[in-house]
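User: Hi! I'm new to protein structures and would like to go through this one step by step. Could you help me with a few questions?

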Amino acid sequence: MDTIPEILLKQKAFFKTQKTKEVSYRLSLLKTLKQEIISNEQAIYEALKKDFRKPEFETFISEFGLVISELNLVIRNLKKWAKPERVKSSMLTFPSKDYVYKQPYGNVLIIAPWNYPFLLAMEPLIMAVAAGNTVVLKPSELTKHTSQLITDMIQKTFPESIAKSVQGGVETATTLLAQKWDYIFFTGSVPVGKIVARAAANHLTPVTLELGGKSPCIIDDTVNLKLVARRISWGKFLNAGQTCISADYIIVKSNIKDAFIETLKIEIVKRYGKNPKESPDLPRIINKRNVSRIADMMDESQVIFGGDIDVEDCYIAPTLIDSPDLDSKIMRDEIFGPVLPILTYNTEQDIEHVIWHYDKPLALYIFSNNNTFIEQTINKYSFGGGVVNDLLIHFGNHRLPFGGIGASGMGAYHGKTGFDTFSHNKAISKRGNWSDPGVRYAPYKGKFGFLKKMFKYFS
Ligand code: NAD
C-alpha cells in the first residue's frame, strides 16, 4: 500500500497530465460515482445504522438524497459552470476581451467529521472532482462502517491518482496535514479547525473551514406555538441533535415560556413516544465518550424534561434544561446532542446580552411573525446562515451558500458555490492588436492632462 506522500506524488503527477481539465472526463467520473452510490443505497443505510443507529428515513433525507441531488445538479450544469466566463472589458484596457477562467487548484485534501459521515465526505469530494482537482479524503475514524463503505466506493470509482480515501485518526490526519496541498477543505470542531488552519498556513494553502458553535433560536410571542414546537422537535432531535446547525439553545419571550415548554413536551412525546429509548427513530450518540461529555454538561437540578442517560447504549433522551447560567457548562460549549437549554428574554437588549456572549454562530433561527423584528435580528447579528420560522432547512437549498463566519468557519459550499470554492478564478485579459493608443508610453510629456481626463471619464 502506498504511503501518504506516495499517494500525493501520484496525484501531483496525474494533475500535470492535464487530464482532469477535460470536462467530459470529470463528467464520466461523476456519472460512475452516481451509479456506484445508487447501487449501494441499502449498504449506506446499513452502515449508518451500525455506526449510530441512524434511521433509514433520516439517512435518506439528510445524506443519501442530498448527495444524489448534488450529483444531479453538477452533472446537469458542469459544462456551463466550467466555461470561461466573459466579463465586460474596461475602457482602460481597450481594446481587450476579458474572461474569468475556472481553474482547478490542483491537489485537494478533504477531512470529514462523523456526524453526517456520508454527506460531509461525499459532497466536498463531488465538487472538488467536478472542478478538476485530485482528492485525498479522510473520513472520520468514529464511523467505521460508513468510512469503510466510502473508501470502497471511491476505490471502485476513481483511479487512485484522482481520488483516494485514506482512513485513520489523528495520526493519519497529522501526516496528511504535513503535506503540501493546493487546497484543504475541513469540516469538524473549532479546536481541530485551528490545527488545520495552522498547518495550511505553513504552505500558504487556501482553506475552507466548516466548523460549529452555539447556534441560537429566538422565539417571540407572535408565533403559533404548536407549529413552532413541532418544527423544533424535528430540527433539534434529528440525528439526535448531532448537527452542526442544530439549535443549540432557545431564547423565548418570557410571557410564553411556560406554554412553549408544555407544547414542546407534547410534540417530543408525539415524535419519540413516552420512552424514547425504544423509538426506532432516535439515533444514538456516536460513542460513550460523547455521552459522558454531554452528561457532564448537564446540571440535573435544571432538567425539566427527559434527562435519561444510558452510557452503555450511547443513549441520551431528548432533554430540556431550564434557564441555565450563560457561563454554566451546558452553555459554555456547543452541546452537539439532544439537549436543549431554554433561556428567556423581555427586551432586545436581553437577546443581545446572550448572543454577544458567544462567538459568531454557524446558524441563527428566528420564530416570529413580526417582520421588523425578523429583519432587525437578521441584520444585527453575525452568523453563517439561518432560517425564519423553521430549523436547518437552509442547508437543503443548493442556491444558498453554506458556511460559517468567525469562529464558526470560513468559506462556503453547496451547489455552484461548492464548484466555485474548489476553482481558482483566473483573470485573463486578451488584448486586441488592431489598435495601440500611445498615451501610456514614454516620453510622458504633454500626456498627463489627457491621462487624468481619461481616468476620470472611464473609471
Ligand atoms: P473533529 O474536529 O473532532 O474531527 C473532524 C475530523 O478531524 C475527523 O476526520 C478527525 O479524524 C480529524 N481530526 C481530529 N483530531 C485531529 C487533529 N488533532 N489533527 C487533524 N485532524 C484531526 O470533529 P467531529 O467530532 O468529527 O465533528 C463534530 C464537530 O464538527 C462539531 O463541532 C460540529 O459542529 C462540526 N461540524 C461542522 C459542520 C459544518 O458544516 N460547519 C458539519 C458537521 C460538523
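**Ligand, strands and core**

Analyst: Happy to help! Let's begin at the ligand: a backbone N or O atom of Leu211 lies 2.6 Å from one of its nitrogen atoms. Please keep in mind that this is a predicted model.

User: Which residues are the closest to the ligand?

Analyst: The ligand is surrounded by 26 residues. Leu211, which we have just met, is in the closest group. The full group is Ala112, Glu141, Ser189, Leu211 and Glu334.

User: How far is a polar side-chain atom of Lys138 from an oxygen atom of the ligand?

Analyst: Polar contacts here are pairs of N or O atoms within 3.5 Å. One such pair joins a nitrogen atom of the ligand to a polar backbone atom of Glu210, at 3.4 Å. For the side chain of Lys138 and the ligand oxygen, the distance is 2.9 Å.

User: Now the strands, please. Which residue of S15 stands opposite Ile219?

Analyst: Strand S8 covers residues 216-219, and Ile219 points the same way from it as Cys217. S8 runs parallel to S15, with three bridges joining the two. Opposite Ile219 stands Phe367.

User: And what is the bridge partner of Pro216 in S9?

Analyst: S8 and S9 also run parallel, and four bridges join them. Together with helix H9, these two strands make a right-handed β-α-β unit. The partner of Pro216 in S9 is Tyr249.

User: Which residue caps the N-terminal end of H9?

Analyst: H9 spans residues 225-235, and its buried residues include Leu225 and Ile232. Those buried residues pack against several elements, among them S8, S9 and helix H10. At the N-terminal end, a side-chain oxygen lies 3.1 Å from the backbone nitrogen of Lys226, and the capping residue that supplies this oxygen is Asn224.

User: Why might nonpolar side chains gather inside a protein? And which helix gives the most to the largest nonpolar core here?

Analyst: In soluble globular proteins, nonpolar side chains tend to be buried together. The largest nonpolar core here has 91 residues, and Ile37, Leu125, Ile219, Ile232 and Phe260 touch the most other members. With eleven residues, the helix that gives the most to this core is H4.

User: How many residues are in the other core that lies apart from it?

Analyst: This other core includes Ile285 and Ile321. Ile366 and Tyr381 are also among its members. Its size is 29 residues.

Notes:
Residues are numbered from 1 along each chain as its sequence is written. This is a predicted model: local features need pLDDT of at least 70, side-chain atom pairs count only at pLDDT 80 or more; totals for chains, interfaces and linings use all residues. Side-chain values use heavy atoms; hydrogens and water are left out. A nonpolar core is a set of buried Ala, Val, Leu, Ile, Met, Phe, Trp, Tyr and Cys residues joined through side-chain atoms within 4.5 Å. Buried means under 20% relative accessible area, exposed over 50%, partly exposed in between (1.4 Å probe, protein chains only). Contact means heavy atoms within 4.5 Å. A polar contact is a pair of N or O atoms within 3.5 Å; within protein, one must be able to donate a hydrogen and the other to accept it, and residues adjacent in sequence count only if both atoms are side-chain atoms. Two strands pair if DSSP finds at least two bridges between them. A crossover is right-handed if, with the strands pointing away from the viewer, the path from the first strand over the helix to the second runs clockwise. A residue is near a molecule or strand if one of its heavy atoms lies within 4 Å of it.
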